[in-house]
Amino acid sequence: MNNLYHPDIYKFDTPIKSYWEDTSNTNFDLEKLNKDTSAEIVVIGGGYTGLSCAINLIENYNLDVILVDAGKIGWGASSRNGGFCSFPPSKMPYQKMQKIYGREETRRFFKNSIEGSNYTRNIIKDYKIDCDVTGDKNFIVAHHPSKFGQIKEQAEIYRKEFGIETNIYSKEEFSEIGHGGIGQFGAVSYKPGFAINPLKFVNGITHYAISKKLKIFEHTLITKVEKNLDNYILRSKEGSIKTKKIVIATNGFYQEGLIPQLNSRILPVISNIIVTRKLTNEELDAYNFKTYNPIVNCRNLLHYYRKLPDNRILFGTRGDLVGSDKSNEEMSKKIEVFLKSIFPSWSNINIEYKWRGLIALSQKLTPSIGKIQDEEIYYGFGYSGVGVSSAPWTGKQLSKLVFSSNSKDLEISKIYKGLPKKFIFPKLRILYFRMAVWFYMIKDKLNI
Ligand SMILES: Cc1cc2nc3c(=O)[nH]c(=O)nc-3n(C[C@H](O)[C@H](O)[C@H](O)COP(=O)(O)OP(=O)(O)OC[C@H]3O[C@@H](n4cnc5c(N)ncnc54)[C@H](O)[C@@H]3O)c2cc1C
């Protein structure tokens with residue numbers, strides 16, 4: 001299998017030293033696959049997508065499922081994201097979506113996105129997961145005076161066209177309820193939305209899955225999928241699984257070569273996060289930083305940030321372009337500069353955590369859910385960095401499709417359905433992305 005980034009980012013057996021790891025003490029210590037076994041369905045990838053799909057297959061269809069993850073359960077993005085439950089999972093502006101897919105499908109896409117957010121909220125309750133939920137909305141902040149008009153207009157369209165509950169706040173109003181400072185020129189909010197501890201969330205889902213008797217193998221990298229007349233054999237270093245159906249739930253950590261039909265279609269992108277030490281009330285008061293809701297600004301290469309329950313600031317953005325441990329260090333320093341340029345009086349505040357992971361983009365710019373033609377292989381990926389609300393919901397949709405084997409039974413907006421196009425000269429994907437980053441950096445510098 002081939003990877004697009006430096007091997008450091010694919011060290012599946014190395015724990016990720018994140019703030020979440022230090023605030024959650026669950027360790028499942030599950031088995032590693034070291035024998036030959038079989039199941040009706042195998043799910044590859046133990047994040048939100050894979051776990052949710054497996055649980056739904058067991059609960060709703062009483063099927064025999066094995067789930068494998070190359071690292072410990074939840075090792076991928078699901079245990080180390082920012083914990084923002086936002087929507088929609090798309091990099092495509094709604095105007096373009098309406099042009100390509102029409103008004104009705106676009107409305108349906110937004111409706112499904114909101115269902116995703118509600119689904120996440122519901123399973124937190126139904127599976128009795130304590131994952132430190134904070135806030136009841138998402139904020140988008142204008143980082144420059146010229147951007148306020150744009151986000152106001154977007155909020156109006158969201159309200160009128162998609163029935164989303166939105167609110168508009170002038171700079172002064174947001175300084176009262178959100179935060180002040182030189183990087184804030186008004187804001188809008190939309191609902192539903194909230195923030196979580198993502199590791200506690202994925203651990204809670206795992207607990208529930210285990211209670212439903214899902215068989216899980218950790219530290220089991222599937223390196224090969226062989227096709228026989230009426231089954232598949234999945235091979236890892238020390239064992240194999242014979243199965244009728246396969247679900248690929250590897251999102252940004254998909255490794256080229258595993259499934260030929262999926263190759264060259266995913267653009268994995270690194271996202272980096274830093275977390276400060278705990279801030280004192282005085283330090284927070286310098287910007288009247290009140291809100292625990294998730295916040296993004298509206299740069300092309302956006303910054304996302306939130307106040308954590310213990311008064312640290314989590315700050316993230318598009319990550320490094322290499323994937324080595326060294327590039328992670330360098331990118332973290334750059335992100336620290338971004339944070340401190342927005343909140344200059346925090347210039348001496350230490351950064352205590354820094355980590356990163358892979359999200360998945362594609363040429364579709366929206367998620368992809370479906371079944372590979374003439375195969376019993378199913379996929380769900382490409383949330384454009386908005387997986388907290390969309391990945392668990394996708395897992396549920398996938399379970400329906402896996403059960404019926406018929407793509408027509410997938411009753412969701414067609415914007416989600418089917419594979420994205422392959423990249424031309426796929427080995428150049430990171431170069432294409434680099435060029436896009438440079439382009440957007442210039443746009444951000446010029447505030448356009
Ligand atoms: C730094 C960062 C911040 C983010 N912040 C947010 C946020 O605030 N809000 C939000 O909505 N989204 C955010 N995201 C995105 C979100 O985390 C993902 O969209 C979501 O977790 C995807 O879930 P998943 O289950 O599809 O994939 P993942 O959680 O990435 O799981 C894929 C799993 O597949 C496994 N795997 C890969 N190949 C194999 C193989 N061959 N054999 C066995 N196992 C394999 C990996 O080990 C991995 O655990 C962020 C992502 C990152 C990296």
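**Cores.** I began with the nonpolar cores of this predicted model. The largest one has 93 residues, and I noted Leu51, Val65, Phe201, Ile205 and Leu214 as those with the most contacts inside it. Helix α2, residues 48-61, gives the most to this core, with 7 residues. Apart from it I found another core, of 23 residues, with Phe217, Tyr232, Ile266 and Tyr379 among them.

**Phe201.** Next I looked up what surrounds one of those residues. Leaving out residues up to four places away in sequence, Phe201 touches Tyr48, Thr120, Ile123, Ile124, Ile129, Cys131, Ile196 and Pro392.

**The sheet.** Then I traced the strands. I read an open sheet of 8 strands in the order β5-β6-β4-β13-β14-β15-β12-β16, and its pairing is mixed. Which strands stand at the edges? They are β5 (165-169) and β16; each has a single partner strand, so one side of each is left without a neighbour in the sheet. On average, neighbouring strands of this sheet are turned by 20° against each other, direction ignored.

**Helices on the sheet.** I checked two helices here. Helix α5 (residues 145-162) packs on the sheet and touches β4 (138-141), β5 and β6 (187-191). The direction of α5 makes about 155° with that of β5. Helix α11 (residues 429-445) lies across β12, β15 and β16, and runs at about 55° to β12.

**Strand β12.** I spent a while on this one. β12 covers residues 267-276, and 10 of its 10 residues are buried. In a regular strand the side chains alternate between the two faces of the sheet. I could list both sets here: Leu267, Val269, Ser271, Ile273 and Val275 point one way from β12, while Pro268, Ile270, Asn272, Ile274 and Thr276 point the other way. Both sets are buried.

I also followed the pairing of β12. With β16 (residues 351-361) the sense is antiparallel, over 10 bridges, and Leu267 has Leu361 of β16 as its bridge partner. To β15, β12 is joined by 5 bridges, again antiparallel. There I found Ile273 opposite Gly316 and Val275 bridged to Leu314.

**Val322.** Is this residue buried, partly exposed or exposed? Val322 has a relative accessible area of 40% and is partly exposed, because that value lies between the 20% and 50% cut-offs. I located Val322 in the loop between β15 (313-318) and α9 (325-342). Setting aside neighbours within four places in sequence, Val322 is in contact with Tyr5, His6, Ile270, Ser327 and Arg434. Ile270 was a name I already had from β12. I also noted the separation from Gly380: the C-alpha atoms of Val322 and Gly380 are 25 Å apart, with their positions 58 residues apart along the chain.

**Helices α3 and α4.** The axes of α3 (residues 94-101) and α4 (residues 103-126) come within 7 Å and cross at roughly 130°. The two helices are therefore oblique to each other. From α3, Tyr94, Met97, Gln98 and Tyr101 make the contact; from α4, Arg103, Glu105, Thr106, Phe109 and Phe110 do. I sorted the residues of this contact into 5 nonpolar, 2 polar and 2 charged.

**Ser117.** I closed with a residue in helix α4. Ser117 counts as buried because its relative accessibility is 0%. Not counting residues up to four places away in sequence, Ser117 touches Cys85, Pro192, Gly193, Phe194 and Ser389.

Methods
Residues are numbered from 1 along each chain as its sequence is written. This is a predicted model: local features need pLDDT of at least 70, side-chain atom pairs count only at pLDDT 80 or more; totals for chains, interfaces and linings use all residues. Side-chain values use heavy atoms; hydrogens and water are left out. A nonpolar core is a set of buried Ala, Val, Leu, Ile, Met, Phe, Trp, Tyr and Cys residues joined through side-chain atoms within 4.5 Å. Buried means under 20% relative accessible area, exposed over 50%, partly exposed in between (1.4 Å probe, protein chains only). Helices (H or I, at least four residues) and strands (E, at least two) are DSSP runs, numbered from the N terminus. Contact means heavy atoms within 4.5 Å. Two strands pair if DSSP finds at least two bridges between them. Axes are lines fitted to C-alpha atoms, for helices over the stretch in contact, and angles run from 0 to 180 degrees between N-to-C directions. Angles under 35 degrees count as roughly parallel, over 145 as roughly antiparallel, 65 to 115 as roughly perpendicular and the rest as oblique. Ala, Val, Leu, Ile, Met, Phe, Trp, Tyr, Cys and Pro count as nonpolar, Asp, Glu, Lys and Arg as charged, and the others, Gly among them, as polar.
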